[in-house]
Amino acid sequence: MIELEGLTKRYGEKVAVNNLSFTVRPGIVTGFLGPNGAGKSTTMRMILGLDRPTAGDVRIDGIHYHQLKDPLTYIGALLEAKAWHGGRSAYNHLLCLAQSNGIPASRVREVLETVGLTAVAKKKTKGFSLGMGQRLGIAAALLGDPRILMFDEPVNGLDPEGIHWIRNLMKSLAAQGRTVFVSSHLMSEMALTADHLVVIGQGRLLADTSMADFIARNSRAYVRIRTPQRERLLDVLHQAGITAGETGGGALEVEGGKSEQIGELAARHQIVLHELSSQQASLEEAFMQLTAQAVEYHAHDGTPPARQEPWGAGWQKGS
Ligand code: ADP
Ligand code: MG
């Protein structure tokens, strides 16, 4: 379990992490989602004691990272992707790490096997591709067989096979009862991996919710209709007890998945339809709306984004 309480980090004027409080629980994958610059990596560095909080506190199983004996056996982490310029082999790199952390040398072969690097274990890491480097980083995180694992943007730059492998690995680690905390700036990635979602923007907590809840609230289904006989269709729909809303661009929208019913009504009343389509609001749109206020650098037309707060009570636990 990882517990953050009022965690804050300032770099001069810049507030990178702003009063974050949430708990990462065992047995599930918790996704840590936010646009670039939101403060994800800074938060993760503070969890590992690599950065000192300006205020607040973060504890791993109730104590601070520095108080952990053989920390790699409690928490394993893959931080931001880095180039490997070592003259060491993957095997020797992991062996040194094991020896300096009270981990039996036999674990080295096991984790190399888990991440699929056995065949290149004796090769120097400086020739490793980004994907191989990520696998080696994950091997290091798994070395101490820790109950808590943390991955910072692990799929960045990987090929589809590598992405698929990492997703399955995270799920199986959680299924073993471990705490898995993984960051991403992609909603689509989180939707496929995470059971629970913590969303931040400009260092602030925006949502702390189960993935199922997030999907239920945001996968709004509706039917879009275009017709040159707008008033007549509105009448017919109204008589059938169907409420249609107007959208920009002259289209009509009806909540729910009633396209067959609407098509049949239109046919019966000989109303011409130019469009009748079932639509689904995407999770990506929901994430973009949620973080719209909090994105550092927008490509927008110069007007500030409209204030949107469809996220009522229930988005943040305890608020
Ligand atoms: P994320 O990982 O979500 O992309 P980061 O945690 O890397 O975000 O960064 C959050 C903010 O803090 C950014 O605005 C970044 O520029 C700033 N920041 C991060 N590290 C430092 C640092 N060492 N010095 C100054 N500013 C920093
Ligand atoms: Mg980052």
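These are my notebook entries on a predicted model of a protein with a ligand.

**Entry 1: the whole protein**

I began with the overall make-up. I counted 10 helices and 13 strands in the secondary structure. The protein has 319 residues, and 45% of them count as buried. I then looked up the surface. Its accessible area comes to about 16000 Å². Carbon and sulfur atoms hold 50% of that area.

Next I checked the contacts along the chain. I took those with a separation of 6 or more positions. Of these, 70% join residues 24 or more positions apart.

**Entry 2: the cores**

Where do nonpolar side chains tend to go in soluble globular proteins? They tend to be buried together. I looked for such groups here.

The largest nonpolar core has 75 residues. I noted the members with the most contacts inside this core: Ile 2, Leu 20, Phe 22, Ile 47, Ile 138, Phe 151 and Phe 181. Which helix gives the most to this core? Helix α5, residues 160-175, does, with 7 residues. Another core lies apart from it and has 13 residues. Among them are Val 223, Leu 234, Val 236 and Ile 271.

I went back to Ile 2 and listed what Ile 2 touches, leaving out residues up to four places away in sequence. Phe 22, Thr 23 and Val 24 are on the list. So are Ile 47, Val 58 and Arg 59. Ile 148, Met 150 and Phe 181 complete the list. Phe 22, Ile 47 and Phe 181 also appear among the core members with the most contacts.

**Entry 3: around ligand 1**

I turned to the ligand. I found 13 residues around ligand 1. Which of them come nearest? Gly 37, Gly 39, Lys 40, Ser 41 and Thr 42 do.

By type, the shell divides into 4 nonpolar, 5 polar and 4 charged residues. I also sorted the shell by element. Strand β2 (14-24) and helix α1 (40-47) each supply at least two residues. Helix α1 gives the most, with 4 residues.

**Entry 4: polar contacts of ligand 1**

I looked up three distances, each to an oxygen atom of ligand 1. For Gly 37, a polar backbone atom is 2.7 Å away. For Lys 40, a polar side-chain atom lies at 2.8 Å. For Thr 42, an N or O atom of the side chain is at 2.5 Å.

Last, I checked how much of ligand 1 is covered. On its own, ligand 1 has 570 Å² of accessible area. The protein covers 65% of this area.

Note on methods. Residues are numbered from 1 along each chain as its sequence is written. Chains are lettered from A and ligands numbered from 1 in the order in which they are written. This is a predicted model: local features need pLDDT of at least 70, side-chain atom pairs count only at pLDDT 80 or more; totals for chains, interfaces and linings use all residues. Side-chain values use heavy atoms; hydrogens and water are left out. A residue is near a molecule or strand if one of its heavy atoms lies within 4 Å of it. A polar contact is a pair of N or O atoms within 3.5 Å; within protein, one must be able to donate a hydrogen and the other to accept it, and residues adjacent in sequence count only if both atoms are side-chain atoms. Accessible areas come from the Shrake-Rupley method with a 1.4 Å probe; for residues, only the protein chains shown count as cover. Ala, Val, Leu, Ile, Met, Phe, Trp, Tyr, Cys and Pro count as nonpolar, Asp, Glu, Lys and Arg as charged, and the others, Gly among them, as polar. Buried means under 20% relative accessible area, exposed over 50%, partly exposed in between (1.4 Å probe, protein chains only). Contact means heavy atoms within 4.5 Å. A nonpolar core is a set of buried Ala, Val, Leu, Ile, Met, Phe, Trp, Tyr and Cys residues joined through side-chain atoms within 4.5 Å.
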